[in-house]
Structures are given as C-alpha cells and as structure tokens.
Amino acid sequence: MSKYITIKDIVNDLQLMIDDTSYDKDAHIYQIRMLALQGLRELTFDAEQIVKTIDKTIDSNLTVSTPNDLVDIKRIGFLDDKNVFYPLSKDNDLSISAATKSDRIGGSKDDENNPYYHTDLGKKFGVGGGQNSLGYYRHNRFNDHIYFSSNLQGKTVYLEYIADTAASTNPKIHVFCEEALRCYVYYKYIQRKRGVPANEKQMAKRAYYNEKRLARARMMNFSKEQAMQVSRKAFKQSPKI
C-alpha cells in the first residue's frame, strides 16, 4: 500500500462525499482542485516538509541558481567521504550585486598600517568568535539565486531544500495529512460564503487546525529513544584522578 495519495483521488473523494444537505454542494471540481493544491502547499510547509537534495557547482560570479520547486533552504554545505555534513553559515551582509568589489580597507592584508591586520595571527583583529571557516551564503528569493563568499568559487556544494510539491505534474500528499487536507478544502470553501452560519465556519476552522496538529505530530514522530540519544550525545564521563 502506498503511503501517498494523489490530489486527484482527494478531489474525487470529496465529490463523492457531497450531498444535497452539504454547504459545499455547489462547489465545482476546478474549485475543489484549486483549494486542494493550496492546502497541499500549506501542509507541506507546516507539517510534511518534503525535503529534496541537489549538488550545485559555484560559478565565477559566486552564485548558483536554485531549483524551480524550491520554497526554502534547509541547509547548504559539504559532504565528506563518510557522508558527514559540514554546513555553511548564512550571512545577510554578503552582496547580491554583480558590481566590481572594492579593494580591502587599508590596501594589502599584510600592510602594517592596516588596522584590521594583526601581525601575531594574520587575521582580522577584533572580528570576534563564531566565524565559519568553510564559508558563507545568502539567498536572494527575488531572482532565485544563492550567493557565496569568495573562498567557495568553483566548489560543489550540497543543497537541501523544502520543495513545492503542488508544482509537480502529479501532486501527492502523505496519508498522515490526508484528513487535514479534506478539512482545509471544506473550511476554505465555506469561509466567505454568506449563506453559511458562523458556527459552521468556526467548527470547520477548528476541525482543520486540529487535524493539522495531529498531522504534524504524526510526521514528527519524536520517540523516547531519540530524546535519550539527544540528551546523552554530548555527555562524556570525566576521568577519575
């Protein structure tokens, strides 16, 4: 049995459930499908979060183009031979302009007159901790590009991102979110209908958010063993002297 159900099957099931006493008896199939795709996006972002991966090589402009179905970035970094992930850090101070970059303040980094050069360390004095030696990135959602720091030119990075499943040719949803999607379609259809009583709208709203909460709990599935593993991960017994 497949753990995913298509939007087409959801729409067909909703049509079969409509009778003469339903408040959504006048709903057309194109309206139901549109609301189902909207609900699929919302549940994908909040509950299911379909994660895809892709490898990208940074070009000479220190940029890579994002996949067409990318909604948000989970993480970017490198994978070693043992499949261990090393993340890059996000830096909103990186430039997203293609203009020529100006020279470093004070000229050469080895210039003794440069106030940012420390002769003992050979790095910027006063920058502080928390720096990522691997590199930095910045995502520009407007033009669908990711910009990287200069030390990453020509390197291949590993990108994990949340995908927009509604944009696929055959959109599907996990069975854990199936009932939440049905409640979403009904709630959104009657939400602005003047002939529907207010208490019916409130019950439909509560039903949707309750099913959404249950769907998130099912998808997370955080067990007691995982909690114990996290709590003990950094624990090391001290040596006895």
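**Exercise 1. Explain how R182 and E178 are placed relative to each other in helix α3, then follow the salt bridges around them.**

*Solution.* Step 1: R182 and E178 are four residues apart in helix α3, so about one helical turn separates them. Helices here are DSSP runs of H or I with at least four residues, strands are runs of E with at least two, and both are numbered from the N terminus. Before going on, a word on the model: it is predicted, so local features need pLDDT of at least 70 and side-chain atom pairs count only at pLDDT 80 or more, while totals for chains, interfaces and linings use all residues. Residues are numbered from 1 along each chain as its sequence is written, and side-chain values use heavy atoms, with hydrogens and water left out.

Step 2: Look at the R182 and E178 side chains. They form a salt bridge whose closest N and O atoms are 2.6 Å apart; the term needs a side-chain nitrogen of Lys or Arg within 4 Å of a carboxyl oxygen of Asp or Glu.

Step 3: Check the cover. R182 has a relative accessible area of 13% and is buried, and E178, at 17%, is buried too. Buried means under 20% relative accessible area, exposed over 50%, and partly exposed in between (1.4 Å probe, protein chains only).

Step 4: Add E179. Its side chain meets R182 in a salt bridge at 3.6 Å, N to O, and the two residues sit three apart in helix α3, about one turn of the helix. E179 counts as partly exposed because its relative accessibility is 37%. Through shared partners, salt bridges join D13, E178, E179 and R182 into one network.

**Exercise 2. Find the parts of the protein that the D46 and K212 pair ties together.**

*Solution.* Step 1: Start from the total, which is nine salt bridges. One of them joins D46 and K212, with the closest N and O atoms 2.7 Å apart.

Step 2: Place the partners. D46 belongs to helix α2 and K212 to helix α4, so the pair ties together parts 166 residues apart in sequence.

Step 3: Compare their surroundings. D46 is partly exposed at 32% relative accessibility, whereas K212 is buried at 11%.

**Exercise 3. Describe the largest nonpolar core and the elements that build it.**

*Solution.* Step 1: Count its members. The largest nonpolar core has 28 residues, and I7, L43 and I173 have the most contacts inside it. Such a core is a set of buried Ala, Val, Leu, Ile, Met, Phe, Trp, Tyr and Cys residues joined through side-chain atoms within 4.5 Å.

Step 2: Name the contributors. The elements giving two or more residues are α1 (7–17), α2 (29–48), α3 (178–190) and α4 (198–220). Of these, α3 gives the most, with eight residues.

Step 3: Zoom in on I173. Beyond its neighbours within four places in sequence, I173 is in contact (heavy atoms within 4.5 Å) with K3, Y4, I5, L40, L43, E48 and L181.

Step 4: Look elsewhere. Apart from the largest core lies another, of 15 residues, including I146, V157, L159 and Y161.

Step 5: Bring in T66, in the loop between β3 (63–65) and β4. T66 is buried at 9% relative accessibility. With neighbours within four places in sequence left aside, T66 is in contact with H139, D144, H145 and I146.

**Exercise 4. Work out how many disulfides the model has, and whether C177 and C183 are buried or exposed.**

*Solution.* Step 1: Recall the chemistry. A disulfide is a covalent bond between the sulfur atoms of two cysteines.

Step 2: Apply the rule, which asks for a pair of cysteine sulfur atoms within 2.5 Å. The count comes to zero disulfides.

Step 3: Check the two cysteines. C177 counts as buried at 0% relative accessibility, and C183 counts as buried at 14%.

Step 4: Relate C183 to Y209 in helix α4. The two are 26 residues apart in sequence and 8.6 Å apart in space, C-alpha to C-alpha. Y209 is partly exposed, at 42% relative accessibility.

**Exercise 5. Summarise the fold in numbers.**

*Solution.* Step 1: The protein has five helices and ten strands.

Step 2: Of its 241 residues, 33% count as buried.

Step 3: Among contacts between residues at least 6 apart in sequence, 72% join residues at least 24 apart.
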